[in-house]
Amino acid sequence: MNITTSTGSIEDRKAPLPVVHVFDVDQRTGFMAPHPPLARLPEAWEIWEAMLDAAVAAKLQLGDKIDLTDEEAAASKEWRKKAREMPLLPVGDLSGSAVLLRRAHLVLAYILHFYVQSLPPDEPVSIPPSISIPILRVSKELDIPPLLTFSDTVLYNWDFRVAPDVDDAVPTTDNIRTQTMFTRTVDEEQFYLCSTRIELRGVEILELMRVTMDETFVGDAIALRGVEILELMRVTMDETFVGDAIAVRRIAGYLETIAGVIDDLKVLLLDVQRLCNPEVYYNVVRPWFRGEDSYEFREKRKWTFEGLEDAADVVAPTELSGPSAGQSSMVHVLDIFLGVDHQATTPGKPSFMSRMQSYMPHNHRMFLDHLKANPRPLRNFVVDAKDDKLLAAYTSAVKALKEFRDAHMIIVTLYVTGPARRAAKIALEKSVAGGVEHVNAAASAPLKGTGGTDLVKFLKDTRTRTTEALIS
Ligand code: HEM
C-alpha cells in the first residue's frame, strides 16, 4: 500500500512512501509489526521482565480456580507480595520509542493480569502503585487503555519459529510463534496465532481495497494518502478517471478476489480447533484475559489503581475490557469498506465496535478514521453503477463476511458458550448448601464476552448488520 509524502516537489510527492510511516500499516504484514517485536526491555526495566518471568515459571494459578491447592494459593500470594514491593520505575526514557513503549505495555499488562486474576475471589482488586502508575503512564503515551489488548497478545507478540536466512524476511502463517503467554500451553499459543494468521492472510485485502477505493471515489484515495489533501486532490483529479466501465469490471474482479480471501479467513478461524482445546481455552487460558467488566457468573469487581493521589499526570481509567479479537483492525476495515454499519444499539452510548477501536494502536485507529471519513463509498458506487456483475461480486464479498461471522459464532459456541454451561454445572454441583442459589442464579444470567458484551445477542446483531449491507 502506498501513500504520498508531504514534502518536496510534486514529482517527489507522487513517489510512494509505505503507509507504515503514517498509519503503521505495512504493505507486507498489514497491522502486524513487520519485524519481530522487541522480546525484552533494556536493563533499566529488567525488574518488570524478571517479575513476569517469575510468574510464568511459577505457573501461577487463577485465584478462582476450582480445587486451588494451599500451595498454589501461597505461591501466588508470595509473587504478588514481590510485585507490590517492586520499585516504582520511571518511564520517561521509554517516551518517543514506540518499540520500547509497546514492549513495556505488554510486560506490565501481563503482570497486571497475573496480579488481578491470581487474587482470591473475595479479595478486592487493588493494583499496587509499582504496576498501576507505570502502566497508566505508558498507556497514556500510547493512547490505549491500561490493560491487556489484542495488540499486546497478537500484533506485537510474535517471533519467527525458525530464524529466516534473509535479513528483511516477513512473517508467514506457518513460520511464527508467540513470545509471551500466561500458561505457555499450545492452546494459548494457538489461540493467539489463529488471529495472527488471519491478520497476515488479510493483507491482500488491504491492497485490493486501496485500488478499489482509488477507482470508486477520489475522496477516499486522498483519505488513504492522508497528507496535503488539496494539492493531492488536484493531482488525483487530473489522473483518475472515475467510475468508467473498465473500472467497474476491474472493481468486480477485486471484489471477487476479496470474497475468496475472506473465505480463507473463515477457514483459518475454524482451523483453531486443530490445536486449541475448547475446555483448556475456556477454563485455563481465557480467565486470565478478564477485564473489569468481563465476569461471567459473578458481580463485577471494581479495579482500583493505587497511587493516583501522588501521580498528577495520570487519572483513573474508564475503559477496562479484556482483550478481544473484536479489537482486530482487519475486521473493522472490512466492515467499513463493504459498508456494514454497526450503529450503536443504545442511544447516546458508543457501540461495542467503536469502543473496541479505542483499544487499537493509535495509528491504526487513525487509519480507520480516514476510511470512515466518507461512509459507504463502495456500496453507493455499486448501487449507482447498476451493473449485474459488479452487484454479484459485491454480494459475494458481503456474504463471505457474513459466513465468516457464522463460523465465528460456531467457534464461540464451542469455546465459550458450551464450556461456560458445563463450568456452571460443575460449580453448581460443588457448591456448598449456602452458595447453591447464588451460583444457580448467576449461571442463568446472559453470558458475557471478554469485552463485557451480552454475548449471543451481540454476535447475532453484528451478523444481522452484515446482511443489512446487501443490496436488494
Ligand atoms: C477461539 C477463537 C475465538 C473466540 C473464542 C472468540 C470469542 C469472541 C467473543 C466472546 C466475542 C464477543 C465480544 C467480546 O466480548 O469480546 C468475540 C467478538 C469478536 N471476535 Fe472473536 N473469538 C475468537 C476468534 C476470533 C478471531 C480469530 C477473529 C478475527 C480476527 C475474531 C473477531 C471477532 C470480532 C470482529 C468480534 C466482534 C463481533 C463481530 O464483529 O461479530 N474472533 N469473539
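Start at the ligand and select its iron atom: the single donor from the protein is H408, whose NE2 lies 2.1 Å away. Keep in mind that this is a predicted model. H408 is found in helix α18.

Next, stay with helix α18, residues 388-430, and select Y415. Add Y281, which lies in helix α13. The two rings form an edge-to-face aromatic pair, 5.7 Å centre to centre, with 70 degrees between the planes. Because one residue is in α13 and the other in α18, the pair ties together parts that are 134 residues apart in sequence. Both Y281 and Y415 are buried.

Now select F114 and W288. How far apart are the centres of these two rings? The distance is 5.0 Å. Their planes stand at 65 degrees, and since an angle over 60 counts as edge-to-face, so does this pair. F114 belongs to helix α5 (residues 98-117), while W288 sits in the loop between α13 (278-285) and β6 (303-305). The pair links distant parts of the chain, 174 residues apart. F114 and W288 are buried.

To see how these pairs connect, select W79, Y110, F114, F182, F191, Y192, Y281, W288, F289 and Y415 together: ring pairs link them into a cluster. The structure as a whole holds 15 aromatic pairs.

One more ring is worth a stop. Select Y156 and R102: the charged end of R102 sits over the ring of Y156, 4.2 Å from its centre.

Turn to the salt bridges, of which the whole structure has 30. Select D387 and R249, whose side chains meet at 3.4 Å, N to O. D387 lies in the loop between α17 (377-385) and α18, and R249 in helix α12 (residues 245-270), so this salt bridge ties together parts that are 138 residues apart in sequence. Is D387 buried or exposed? Its relative accessible area is 18%, so D387 is buried, whereas R249, at 45%, counts as partly exposed.

Then select D53 and R40, a salt bridge of 2.8 Å, N to O. D53 is in helix α3 (residues 46-57) and R40 in the loop between α2 (20-23) and α3, so the partners are 13 residues apart in sequence. D53 is partly exposed at 36% relative accessibility, and R40 is partly exposed at 34%.

Move on to E72 and K65, which form a salt bridge with the closest N and O atoms 3.3 Å apart. E72 is partly exposed, at 24%, and K65 is partly exposed, at 30%.

For the last stop, select D26, R28 and D168, which are linked in a network of salt bridges.

How values were computed: Residues numbered from 1 in each chain as written. Predicted model: local features only at pLDDT ≥ 70, side-chain atom pairs only at ≥ 80, totals over all residues. Heavy atoms only, no water. Phe/Tyr/Trp six-rings, centres within 6.5 Å; stacked < 30°, edge-to-face > 60°. Helix = DSSP H or I, 4+ residues; strand = E, 2+ residues; numbered from the N terminus. Buried < 20%, exposed > 50% of the residue type's maximum accessible area, 1.4 Å probe, protein only. Lys NZ or Arg CZ within 6 Å of the ring centre and 35° of its normal. Donors = N, O, S within 2.8 Å, 3.2 Å for Na, K, Ca; no water. Salt bridge = Lys/Arg side-chain N within 4 Å of Asp/Glu carboxyl O.
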